[in-house]
Amino acid sequence: MIKKLAISTAAMAAVIGAPALADITVKLGVLNDRSGVYADLSGEGSVVAARMAVEDFKAKDKGITVDIISADHQNKPDIGSNIARQWYDVDGVNAILDVPTSSVALAVADITAEKNGVLIDSGAGSTALTREQCRPTTIHWTYDTAALANGTGAAMTKAGGKKWFFLTADYAFGHSLEENTATVVKANGGEVVGTVNVPFPATDFSSFLLQAQGSGANVIGLANAGGDTVNAIKQAAEFGITQAGQKLAALLFFVTDVHALGPQTAQGLSLTEAFYWDQNDATRAWSKRFMDTHGAQPTMVQAGVYSGTMAYLAAVEAVGSAADGKAVAAKMKEMDFDDPLFGKVKVRGDGRAIHDMYLFEVKTPDQSKGEWDLYNQISSISGEDAFLPMLDECDFTKK
Amino acid sequence: MAMADKTTEAVAVAQTTGMPRLHKIIFSVLLAALIVLPFVVYPIFAMKVMCFALFAAAFNLLLGFGGLLSFGHAAYFGGASYIAAHAAKVWGLTPELAVLTGTAAAAVLGLVIGALSIRRQGIYFAMVTLAFAQMVYFVALQAEFTGGEDGIQSVPRGDLFGLISLEGNIALYFFVLTLTFGGILLLYRIVHSPFGQVLKAIRENEPRAISLGYDVNRYKLIVFTLSATMAGLAGATKSQVFQLASLTDVHWSMSGEVVLMTLLGGMGTIFGPLVGAGIIVTMQNYLATFGAWVTVIQGVIFVLGVLLFREGVVGVLARWLKKPL
């Protein structure tokens, strides 16, 4: 009897152990903005990136069947959370990807924890995802506002931009962005010579820019986002601020925004990103494939969806099933990833993915050789320096 | 609130007149359908439809029966959702008390804003309400407790009366069904009470109503407050369903959405706003996979609605049947 049992156990172990026979189905949901302000930087491009990840992971050869669905949350948390719940409850989705817009991301993070899925967020910037509202099933892949503030603030101050002046969008987000950056600037020996709160949303920045120009600052920090930043940069170009020697630093800005403005307007602007298509051979090769399908160069958010999906699939393969989101997320935190786009990535206990960030400066029209030839890389910031330290109560690997 | 109480008394007196048989049948069928609904479609989606149906019905009370076009109803809807979410999350109130707190806040807000805006008419009235709604939006954006653009997140669903857990979707569904269906029946009573008759008289001919001795401004203020209160009930309920309150609910586009729902379904009809809310929310939900096409399709449907059936879906139906719906 015991012998029989031993034999059958051994046989079972052999079956389970055979990797090629693993029969895993995974359903991924790409939830992002497909019609509003973030449609360019996430949108359909993120779905393309997720498909490329499934292809490159060779999921089929490994016996993993991956199904990708997508939806538009229209930047409304109620629509986003409705879709997320429905995906988990009815459609059997295992992981939700991308989710720009903090309010939607935070809502989806809660639902994901409740339903034991995995949220791999690439598009949202809120640090709350891995701090105040950290959840064991949340992985925050690409960036957060603190890392951008840290990257730009530290790197520029070290490079000689000691005196800062902030144009701050007058609401919680703007203030926290300013505060994060100001702390870093001061820690690196710089000083803040002035701050002006700009009503949100704003179209006319002229009086604020004049104040900034007259303040004697080396760097003007734009603690705002989206349309506000675009307006501020356009008007700064009209005042010739960067040509006059002051540096303009955008604290939350994407390559698609720079592309829309063009190097004539955006020249000299400093910004931090996690990825740029023209960094090395690997990013260029991948971006070319992306361009061929999507018709635009990838943003860091879209690249983040790709590498986040790769990492997720690797963890699913290691666990042997996608059913238990908590287990998959825990596995992702154990593994080391070497990614063609983000380089070495390590996921911390709180779900924060740690990788290098880069400070870029927008090229002048003379330097730019093509429509998408936009950035000069100034420096790289190591992940440990860029991201905020982990909060103890958010370290889920301990529990 | 004192005024609102008086009205509920009036409603209770008028109750004896009863409702037409057709309406009774429709309400019964509707209730039966709603009881079965969560077992057929996704309950969260159904709850969302009901919240918006109540919101649109509350708005319709003001526009369809009072003849007042408010362009700031998101203030009461969203304001109540913030207060209810805060009450449930920070003060730890049970769901029914949280909803009540939110609704009461909307009533006070409606009373104050109403008292100031009914002094003007037509486009000026709409602009004043919009201006106040924008002020509420900025408070929601700036205030400490609202969490800025992140909103109030992870609101606990809690236990009804401290006893019955609402964690399950079905339990929550019947809580929401009771609130919204009750709210819609209350609105129905208000419309068919003597108070409602006076309202319609004011809508049709204000100078005549004044000459008949009615204190028009008082009636307007009461209907404004009632409408704001019911919109608040809808918003507070929604915050419990989605466990969040966010800027979307106080944004001016939400005020626009409720106008769209009411017009599409049929302004001044009983069932129109419910149908309109159903159509719009269903589109937003089921067309979400089409991405950018949602807003385009919504626009096309609205244009078709205005061109082909100006009285709204239910309005056209009522004309065919030659019976008020």
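Let's start with Ser154(B), which sits in the loop between helix H6 (122–142) and strand S1 (159–160) of chain B. Helices here are DSSP runs of H or I with at least four residues, strands are E runs of at least two, and both are numbered from the N terminus. This is a predicted model, where local features need pLDDT of at least 70, side-chain atom pairs count only at pLDDT 80 or more, and totals for chains, interfaces and linings use all residues. Residues are numbered from 1 along each chain as its sequence is written, and chains are lettered from A and ligands numbered from 1 in the order in which they are written.

So what's up with that serine? Most residues other than glycine have a negative phi. Ser154(B) has a positive one, near 40 degrees. It counts as partly exposed because it has 18 C-beta neighbours inside 10 Å. The cut-offs, with C-beta atoms placed from the backbone: buried is 20 or more other C-beta atoms within 10 Å of a residue's own, exposed is 12 or fewer, and partly exposed is in between.

Lys322(B) does a similar trick: its phi is positive, about 55 degrees, and it is not a glycine either. You'll find Lys322(B) in the segment after H14 of chain B. How many other C-beta atoms lie within 10 Å of Lys322(B)? Just 6, so this lysine is exposed.

Since we're at H14, look at its partner. Helix H11 (residues 252–265) and helix H14 (residues 312–321) of chain B pack with their axes 3 Å apart, at an angle of about 15 degrees. That makes H11(B) roughly parallel to H14(B), the word for angles under 35 degrees, while over 145 is roughly antiparallel, 65 to 115 roughly perpendicular and the rest oblique. Axes are lines fitted to C-alpha atoms, for helices over the stretch in contact, and angles run from 0 to 180 degrees between N-to-C directions.

Who meets whom? On the H11(B) side we have Leu263(B), Leu264(B) and Gly265(B), and on the H14(B) side Gly312(B), Val313(B) and Val314(B). Four residues of that contact are nonpolar, two are polar and none is charged. Nonpolar means Ala, Val, Leu, Ile, Met, Phe, Trp, Tyr, Cys and Pro, charged means Asp, Glu, Lys and Arg, and the others, Gly among them, are polar.

Zooming out to chain B as a whole: 14 helices and two strands. Of its 325 residues, 49% count as buried. Its radius of gyration, taken over C-alpha atoms, is 19 Å, which agrees with the value near 20 Å for a compact globule of 325 residues; the globule rule is 2.2 Å times the number of residues to the power 0.38. The C-alpha trace spans about 55 × 40 × 40 Å along its principal axes.

Now the other chain. In the model, 30 residues of chain A are in contact with 25 residues of chain B, contact being C-beta atoms, placed from the backbone, within 7 Å. Which helix gives the largest share of chain A's side? H3(A), with ten residues. That side divides into twelve nonpolar, ten polar and eight charged residues.

Last, confidence. The model scores ipTM 0.77 and pTM 0.84. Chain B has a mean pLDDT of 88, with 94% of its residues at 70 or more; pLDDT is the predictor's confidence in each residue, from 0 to 100. Over residues 1–16 of chain B, though, pLDDT stays under 50.

Methods:
Contact = placed C-beta atoms within 7 Å.
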